[in-house]
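Take a look at the model below. The report starts with a sheet and then turns to the contact between chains.

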2 protein chains.
Amino acid sequence: MKKKINIAVVGLGNIGSYFCNEIVKKKKDILLKTGKNLNLLYVSAKNKNKKRPFKFKNEQWIHQPLNITNNPAVDIVVELIGGSDGLAKKVTISALKNKKHVITANKALIAKHGNYLSYLAEKNKVNFEYEASVAAGIPIIRSIKEGLISNKISKLIGILNGTSNYILSKMEQTGKNFNKILKEAKKLGYAESNPKSDLNGADVGSKIRILSSLCFHTLISKNNILIDGIYNIENKDIINAKKLGYRIKLLGITEIINKNIFERVHPCLVDINSYIGNINGIFNASIINSSPVGQTIMQGEGAGPGPTSSALMSDLYSILRGNIKYPFIIPYKLRKKISQFNHSNYSYSCYLRFEVKDKPGVLSGITRNLGENKISIEKLMQIPDKKKHTASINIITHKTIEKRIIKCLHKLKKNKHIIKSPTFIRVGEINDN
Amino acid sequence: MKKKINIAVVGLGNIGSYFCNEIVKKKKDILLKTGKNLNLLYVSAKNKNKKRPFKFKNEQWIHQPLNITNNPAVDIVVELIGGSDGLAKKVTISALKNKKHVITANKALIAKHGNYLSYLAEKNKVNFEYEASVAAGIPIIRSIKEGLISNKISKLIGILNGTSNYILSKMEQTGKNFNKILKEAKKLGYAESNPKSDLNGADVGSKIRILSSLCFHTLISKNNILIDGIYNIENKDIINAKKLGYRIKLLGITEIINKNIFERVHPCLVDINSYIGNINGIFNASIINSSPVGQTIMQGEGAGPGPTSSALMSDLYSILRGNIKYPFIIPYKLRKKISQFNHSNYSYSCYLRFEVKDKPGVLSGITRNLGENKISIEKLMQIPDKKKHTASINIITHKTIEKRIIKCLHKLKKNKHIIKSPTFIRVGEINDN
């Protein structure tokens, strides 16, 4: 590799601007640690004149990013546009085809097109790096690819969305409802103006697909996996969970069960005294079980320009120190497809909340229905609302397979005394310490 | 780098045997992930015929390890002899001088001779890797060298000795005394037959010196740093700490204060609800504060053949994937010496326990002495032992500089009513979540 390396950054939002400032500010540090002189040759973004915390020179600006990716002077392209398709995809593909190393923070892009992109990177003998796409401030991808490289990973559990975790934590701490906290989170910059993919689980879904592929040396799955977000969590659920010794967390989980992969994202009641139950606010965390190393826990800030830029920089230094690596640990052609575990066969406890009319026979109607579906009850709390003549029936079931729960809830839809669609949250047995 | 790589392992104790089995068993995995055919060419140990879980062929055995290190066929030498000097040092130096990559788990060797060894490695353009020397199962060295590479680290706090942490945890859980738990720990393999360096803080001291050098880009310090172990911790202290909302942990800490380095190892009262207060048993943990990434927490098993071998393997795969790296992130000649912060000027709260004769005026004698040294008391508990006509006076002081405490305790030595040398444990303000 030559001594002077030219980098171009496409996308100058909060992250892009912060990152550009970092590479300019840390020019000396980069030279010291990698032996390379890094030059920020070009930048590009949608709007040249937008006010942003990074100032570029006129000659650094390129209007059309595809004129960057096919420019022979450019060695490394950093894609910070976002989105699984459109320009982000075009820029990345063009850069790889033109033998540029690519760094991206774009989890949606990788989750959808990562197989093809890694194939392109290997074919063109360049690096495709994406540490910032998962749990920004935690060097989780590098740890799986390098620190734990020789271990056989069996399971990964993560809190991988700072926005969701912030909202759930604040709902508990303040007693305010979902919408109020979401509004505050937007003001504080902890939620994007359109936080849909953060809150409906899709963001964690992308991250889990990426991590699965790294953990199990498989192609990124296209499976229609279980993805559920936090939209339905009410303060009532958080209070009930606490009374029962739990805290609600949005978890991303991937594991191998009977040679099938079981990837899922859903809110989960976790032991309030567990490690994962105490990751609050914008923190991300992951627990990896593997052999022979045992359990490895990592925690750090999961979002924001500083932590994300730290991850992008680690990719950059890695490229500058040289040698081409497989983007997903092993060669593309050796990564396998793996069948999906059918989650309706999975067995766990669950938390159910029914809002009902406070009339005789309502409770017995529900418990009979549970019984008919072979679902047995571990704990039950009935909390009456005397003013409204309603009651909230909260149940923790013993372990049961998911399809029984679904069947039971389906049947209970016809029960006229149940005044709202029941809440159903899985209970996790997370042995984390 | 050629495709077939020959490795030799010197030292075939528990770790060495486990590691040899791993590299034989994982030959295919190594080829898949690194493209290299790894061949275990030679092994050596003190006693050829000792019963061990790894079986080598006669032609693999070399009696004199220095005949390995100067053998042109050998590419990588793994030093698992142990000890800061003697054969371990000779083997490592000879291997580096003969342009072999070296992997070691030997923290004592690195803490003492790491500066010279890293100089040799750079001079001879080979890798010198030592992930297994600190917190075995946690990829902490790799995370500092790669994942957090662009961050400015300000402080690292760690639980870095599994034996000590196991003993402290078990003393709390069972109420049994230090010696009993130590005996049990030896039986279970959680303490070595000679656990001195684990229990007197020296082991953590070596690890802190290594981590400091990585965190702050300095030469490994030869400073006479504050090192205190857990020999003086009694069940009484553990019980008192709990009553006061604390748990006792042996911590290794390094940070920069006013451009000086402050490395220390000592038992510490930490908040019982903090993250670090809940790392129990043989687990290791570290908290790194750095900018811009914020706080990064890592946790894993800190000892044993499996976790140690995982770390050795990460070094091995890293070497096999090629490219020479600076052992301590930046070139040897650019690493700086850094002055030591004078710990007697450091200010903190502390826990003091005095065993006294239960006579009038004893308490006031102690508190007067504290007052004269400008040490003010935050909490005080006096627990009488009526049978023995003694009392235990337990004090948590407000923040005060260490030299005042030392002066005060020195003066109190003359107090005839104090029947035992006072116990003094620092109280940590660890903002870990």
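In this predicted model, chain B holds an open sheet of five strands, in the order β2-β1-β3-β4-β5, with parallel pairing. β2 (37–44) and β5 (128–129) of chain B stand at the edges. Each has a single partner strand, so one side of each is left without a neighbour in the sheet. Helix α4 (residues 86–97) of chain B lies across β1, β3, β4 (101–104) and β5 of chain B. The helix runs at about 165° to β3(B).

Strands also pair between the chains. The table sets out two pairings.

| Strands | Bridges | Direction | One bridge pair |
|---|---|---|---|
| β1 (residues 4–10) and β3 (residues 76–79) of chain B | four | parallel | Val10(B) and Glu79(B) |
| β11(A) and β11 (residues 294–301) of chain B | three | antiparallel | Met298(A) and Met298(B) |

Now for the contact between the chains. How many residues does each chain give? Chain A gives 41 residues, and chain B gives 41 residues. On the side of chain A that touches chain B, α2 (27–34), α6 (140–147), β11 (294–301) and α12 (305–320) of chain A each supply at least two residues. That side divides into 15 nonpolar, 17 polar and nine charged residues.

How are the two copies related? A turn of 180° and a shift of 0.0 Å along the axis lay chain A on chain B, with an RMSD of 0.0 Å. The copies are therefore related as by a two-fold rotation axis. In chain A, the C-alpha of Met298(A) is nearest the axis, 2.3 Å from it. The same surface serves both copies, as 100% of the contact residues of chain A recur in chain B.

How values were computed. Residues are numbered from 1 along each chain as its sequence is written. Chains are lettered from A and ligands numbered from 1 in the order in which they are written. This is a predicted model: local features need pLDDT of at least 70, side-chain atom pairs count only at pLDDT 80 or more; totals for chains, interfaces and linings use all residues. Two residues are in contact if their C-beta atoms, placed from the backbone, lie within 7 Å. Ala, Val, Leu, Ile, Met, Phe, Trp, Tyr, Cys and Pro count as nonpolar, Asp, Glu, Lys and Arg as charged, and the others, Gly among them, as polar. Two strands pair if DSSP finds at least two bridges between them. Copies are superposed by least squares on the C-alpha atoms of residues with pLDDT of at least 70 in both. Axes are lines fitted to C-alpha atoms, for helices over the stretch in contact, and angles run from 0 to 180 degrees between N-to-C directions.
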